[in-house]
Structures are given as C-alpha cells and as structure tokens.
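Reader: I would like a close look at a single part of this protein, with its surroundings described carefully enough that I can follow them in the viewer. Please take me through it in one connected account.

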Amino acid sequence: MLNWYDLPTYYDTSFSHEMNDELIFLKTIFKKYSNSSKPKLLEPACGTGRLIIPLIREGYDCSGFDLNRNALLYLEKKLKRRKMYANIFFDDMIKFKIHKKYDGIYCTVDTFRHLLTENDAIQHLINVKNALKKNGIYVLGLHLIANEKKIDKVTQWTAKRGGLTIRTIMSMVKLDKIKRRETLRVELKIKTNKIQDSVISIYQLRTYTLLQLRKILKNVPELEIINVYDEYYDLSNPISLNSGSDYAVLLLRKN
Ligand SMILES: C[S@@+](CC[C@H](N)C(=O)[O-])C[C@H]1O[C@@H](n2cnc3c(N)ncnc32)[C@H](O)[C@@H]1O
C-alpha cells in the first residue's frame, strides 16, 4: 500500500486546492500578533511546504520539518527553483530540536492527529511551547469528533496543476472511539495526457472530542486559547467551541 505523502507532486497539487482562506488567515494572524519586522515561523510536519512558499513571499522567515524525505526533497527543489530560502530539516513532531525561538508555529489540516498516543501529543505541545517566544502564537487546526458521530463522511475534490488533474476522495472507513482511532482512506485518481492511475492510501489518526482536546491542552497551561475559528478561517467570525464543533482552528498564545 502506498502512502500518499510519498507522492509529493500529487499531495501538493491535491492539498493546495482552495487553501486561500487558510493562507490569508495565517498571514494576517502572524502579522497581528508579532511585533518583529520579519517574524520567524515554524511549521512542524511541513510536508511539501504548500504553505511555506507563499509565507516566505509575504516576508516571513520560515522553517519547517517533516519525517518524510520525499516531501522534504520536493520542497527543497521547489525553493531552489524559486531562489527562495527556508530552514528545512528532517525531524519529528514529538521530539524536534530547536535552535531559535519562533514568533509563530502552525499545524493545520489534522496533522497533529497523526500523533497517535496521548504522550506523543503532549510531548509535541510541550516542544511547541518551548519553541515559542513569549506571547508567540500556535495555530492548531483539527477536526473534532462529535459524541454522536458515525462513519459517514466522504469528502472529494478535484485539483488541477498544468496538465495534471487529481481527484481526491477521502473517506472515514473506521471509527473506534474507545481506542480513539479514525481510519482514513484516501484515493487519488490521477490523470495526465499520458497516464491515468489510481493510488489508495490508508492510515490512522487520533480522535478528539471537545472534552479530550480541552483535557490534553491542560497539560500545557502556558498555551492559552485566545480565539477559535472554524473551517472558513474567517477572522471576523470567531466561534465558541461546543460539542457539535467540526473543524476547529485554535489560536494558542504562550504566556
Ligand atoms: C496532512 S500532511 C500536512 C503537510 C503540511 N503541513 C500541509 O499543511 O500541507 C501531514 C504531514 O505530517 C507528516 N508527519 C506525520 N507524522 C509526523 C511526525 N511524527 N513528525 C514529523 N512529521 C510527521 C507527514 O509526513 C505529512 O507530511
């Protein structure tokens, strides 16, 4: 079984689809909450750097790391082609080392849920806290599982880049609320004028109810929730988290 993160061109094309609201949100937040002229940002598990490239263009000093060497290589090449610089390294969300402090750290699109145990997730949050400057911001975006949630969700979209068209079909195939595991199946239907192919990737994410999210955040009280938004990333429309919340984007500030 292939892991779609090993196919960076396809991942990057698929996930760059309709990311404009997310990007505007990040650009605005880090300007608003930093008083540095060139804020330092870190993206744990940056993958192909779909967000890093436009953030560099916006004037941010960007760093990112991942455990997937294919994705990192793809990102390095993309930076080189554009004559851009970012500090890209191989590291783990659970125990990454930092050499400087950051104004902002961001981790959206459920990446945090790749950390499958409570300890790993707590360790990540502690590392984030240590990596932030005082008053630095952590933007954490993840889906919550509502109490009555069943296996129902299929999300699909089509993205195009040059002659490449990718249809992504993402579905939850199993939900185990006791073990706190969601099994996701991602099918990429790939089409160019030369090939037509399909790649299936299946992997697990840790689940969070609102209560479980609140509980884990209590382990790192230095990270205080200052606002929450939904999947529309609309800064003029903060939400209050409730047990029916779906995708939540938390702004956590380090005290
Ligand atoms: C959904 S992708 C997100 C990539 C990128 N942050 C983005 O927004 O497009 C999840 C990424 O997490 C990486 N990943 C998963 N577990 C990791 C870990 N423990 N440490 C570092 N990277 C990890 C994967 O290799 C993959 O690139």
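Author: The shell around the ligand divides into 10 nonpolar, 5 polar and 4 charged residues. In this predicted model, the residues around the ligand number 19, and those that come nearest are Ala45, Gly47, Asn68, Met93 and His114.

For the wider setting, the protein is divided into domain 1, which takes in residues 4-145 together with 208-254, and domain 2, which covers 154-206. The C-alpha centres of domain 1 and domain 2 lie 21 Å apart, and where the two domains meet, 15 residues of domain 1 are in contact with 15 residues of domain 2. On the side of domain 1 that touches domain 2, the largest share comes from helix α1, residues 8-15, which supplies 3 residues. That side of domain 1, taken by residue class, holds 8 nonpolar, 5 polar and 2 charged residues.

Helix α1 is the part that deserves the close look. This helix is mostly covered, with 6 of its 8 residues buried, and the buried ones are Pro8, Tyr10, Tyr11, Asp12, Thr13 and Ser14. As for what lies over these buried residues of α1, the covering elements include the helix α4 (69-81) as well as the strands β6 (154-161), β7 (164-176) and β8 (181-191). To draw the picture together, α1 gives the largest share of the side of domain 1 that touches domain 2, while β6, β7 and β8 are among the elements that cover its buried residues.

Note on methods:
Residues are numbered from 1 along each chain as its sequence is written. This is a predicted model: local features need pLDDT of at least 70, side-chain atom pairs count only at pLDDT 80 or more; totals for chains, interfaces and linings use all residues. Domain bounds come from an automatic or database domain assignment. Two residues are in contact if their C-beta atoms, placed from the backbone, lie within 7 Å. Helices (H or I, at least four residues) and strands (E, at least two) are DSSP runs, numbered from the N terminus. Ala, Val, Leu, Ile, Met, Phe, Trp, Tyr, Cys and Pro count as nonpolar, Asp, Glu, Lys and Arg as charged, and the others, Gly among them, as polar. A residue is near a molecule or strand if its C-beta atom, placed from the backbone, lies within 6 Å of it. A residue is buried if 20 or more other C-beta atoms lie within 10 Å of its own, exposed if 12 or fewer, and partly exposed in between; C-beta atoms are placed from the backbone.
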